[in-house]
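I opened this notebook to keep track of what I look up in one model. The entries follow the order in which I went through it.

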Protein chains: 2
Amino acid sequence: MEEDRLRLGVHTACLVCPLRSNPAYRDFSPEELEFTRHFRSGELHAGAGSAIFHEGNQNAHLYTALSGWGFRYKTLSDGRRQILNYILPGDMIGLQGAIFEEMNHSVEALTEMRLCVFERKPLYSLFEKHPGLGYDLTWIAAQEESILDEHLLSVGQRTAIERAAYLLAFLHHRGRASGVLTSERTLMPLTQAHVADTLGLSIVHTNKTLRKLALSGALRWLDRGCEVLDPDALQRLAKWTPNDQRRRPFL
Amino acid sequence: MEEDRLRLGVHTACLVCPLRSNPAYRDFSPEELEFTRHFRSGELHAGAGSAIFHEGNQNAHLYTALSGWGFRYKTLSDGRRQILNYILPGDMIGLQGAIFEEMNHSVEALTEMRLCVFERKPLYSLFEKHPGLGYDLTWIAAQEESILDEHLLSVGQRTAIERAAYLLAFLHHRGRASGVLTSERTLMPLTQAHVADTLGLSIVHTNKTLRKLALSGALRWLDRGCEVLDPDALQRLAKWTPNDQRRRPFL
DNA sequence: CGGATTCTTGAGGTACCTCAAGTGCGGTGG
DNA sequence: CCACCGCACTTGAGGTACCTCAAGAATCCG
């Protein structure tokens, strides 16, 4: 089973959290750090392609991605799948599940991932003891909402070419901001099937659309992923500009 | 100007808030009620069709709808419009704007609306002084996210008929839960242009699709709105079931 | 080396789109 | 009171951006 590929790691301190070194994130007070350390219950490794949790699950945990790529999706009863958003380092997974009873979407790892695991029970005490962290959670939820707004605009109104350009510009932007993409590591680990299910297009048409974009020189499609060569061109095509967030919170 | 139709009302107490009588909402402690009263800065009346705020605005306020219908939308530079979600009594408007600098969507009134106005500045002190209310805000943001997930699934994967069925079942459900729809008041005040811009379809095709639904007896289209006759049939068509939330928070 | 997965391409079909015209209603003003 | 205008809704005809089906090439993995 896929579960085999999930494996619980050792309990290491938040002090050495690999995300903290990224200047994109806001600093914690010592008290907040201490609280987070208690709230945290371990680390999880998920293999590429493994399910982290499934729609309908009642999961006792809450995660923050430490490394790797993943995605959230929903399916209809006959199997049609819509990818809702991608998970990158620093992103929180399972907030909906922590607040409502059930998860109403699924999450799958795209590459190998390392996740920081939190108990969902003490969530309320986080609001009581550390209003700053509570505020951050609202910030995170509002941010996700804002991204979904843009995706909905994309799927509802943009043409196939515009949608593809938007998605790749968006992922490139987020990849750079989160640190998974650098000038050396430029590969975004998607298959064309993922792109298709994100854009609401068939695989065939997605392929033809990506081909056009590659022909224009804006990107290169490699074996199992792609490389953005000209993010500005993609943004112009999609009529989209990222809104930069300096010092975003996390956890 | 549209602004003419916006008018500030008198400052009345939260104690008589028309929403509190609805058992769907959770009760406040006396302290929370007292705080809310201070946080609140007035009441706003918006005429049907008026803009409540616009993408890019830096709005100092935060609203909760008290009565009427409205909607959130985004547009592309060439005018294509995507309706993201509808605003019903009890819904919060402008949380994104309160947390980030700018609003990245617009809001328009569908019918005449009454809105409760809050200052956005003391938002942080809300988290400090009333963790329960802070938790509620996260609840609200997570709830909106969950709705957007479903909309995205709809626009990305469902066929025209399924999308229309989903939207009307969804609105009917929310209308009943919020109290704007009763067994006497059953009219949902939309035009087919709104439905089209929500579903990502043209007006013409939307019309043909709604006609089919009406023919099947699931709904009736009236002059400037529609009436759901058979919500279960719509849900079945859309392969969707609402997830009931008893005792939701607000403000 | 064989099988599975991903990507590619062509051919034909269809679910949507645009354009265009016409109906019916409600409001406004002469 | 009627004439007019504007908006919402309707319907038909023709176009196109997607889709499905099908088959082949390239790559990865055991």
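Which of the 16 residues around DNA strand C come nearest? I noted that the model is predicted before looking this up. I found Gln192(A), Asn207(A) and Arg211(A) from chain A, together with Ser202(B) and His205(B) from chain B. I then checked which atoms of the strand are involved: sugar and phosphate make up 69% of the atoms of DNA strand C that come within 4 Å of the protein.

**Entry: phosphate contacts**

I looked up single distances to phosphate oxygens of DNA strand C. For Asn207(A), an N or O atom of the side chain is 2.7 Å from a phosphate oxygen. For Gln192(A), I noted a polar backbone atom, at 2.8 Å from a phosphate oxygen. Asp223(A) also uses its backbone, with an N or O atom 3.4 Å from a phosphate oxygen of the strand.

**Entry: the surface near the strand**

I asked which helices supply at least two residues each to the surface near DNA strand C. I found α7 (203-215) of chain A and α7 (203-215) of chain B. With 4 residues, α7(A) gives the most to that surface. By residue type, I counted 7 polar, 5 nonpolar and 4 charged residues there.

**Entry: domains of chain A**

I turned to the domain assignment of chain A, which lists domain 1 as 2-138 and domain 2 as 149-238. The centres of these two domains of chain A, taken over C-alpha atoms, are 25 Å apart. I found 17 residues of domain 1 in contact with 20 residues of domain 2.

How much area do domain 1 and domain 2 of chain A bury between them? I noted about 1500 Å², with 57% of it on carbon and sulfur atoms. On the domain 1 side, Trp69(A), Arg81(A) and Tyr86(A) lose the most area to domain 2, and together they account for 40% of what that side buries.

**Entry: polar links between the domains**

I looked for salt bridges across the interface of domain 1 and domain 2 of chain A, and the rule finds 2. I also looked up a salt bridge between the side chains of Arg174(A) and Asp91(A), at 2.7 Å from N to O. Across the domain interface, 9 residue pairs are in polar contact, both residues at pLDDT 80 or more. Strand β6 (residues 81-87) of chain A gives the most to the domain 1 side of this interface, with 6 residues. I sorted the residues of that side into 10 nonpolar, 5 polar and 2 charged.

Technical notes:
Residues numbered from 1 in each chain as written. Chains lettered and ligands numbered in written order. Predicted model: local features only at pLDDT ≥ 70, side-chain atom pairs only at ≥ 80, totals over all residues. Heavy atoms only, no water. Near = heavy atom within 4 Å. Polar contact = N/O pair within 3.5 Å; in protein donor to acceptor, adjacent residues only side chain to side chain. Nonpolar A, V, L, I, M, F, W, Y, C, P; charged D, E, K, R; others polar. Domains from an automatic or database assignment. Contact = heavy atoms within 4.5 Å. Buried area = accessible area lost by both parts, 1.4 Å probe. Salt bridge = Lys/Arg side-chain N within 4 Å of Asp/Glu carboxyl O.
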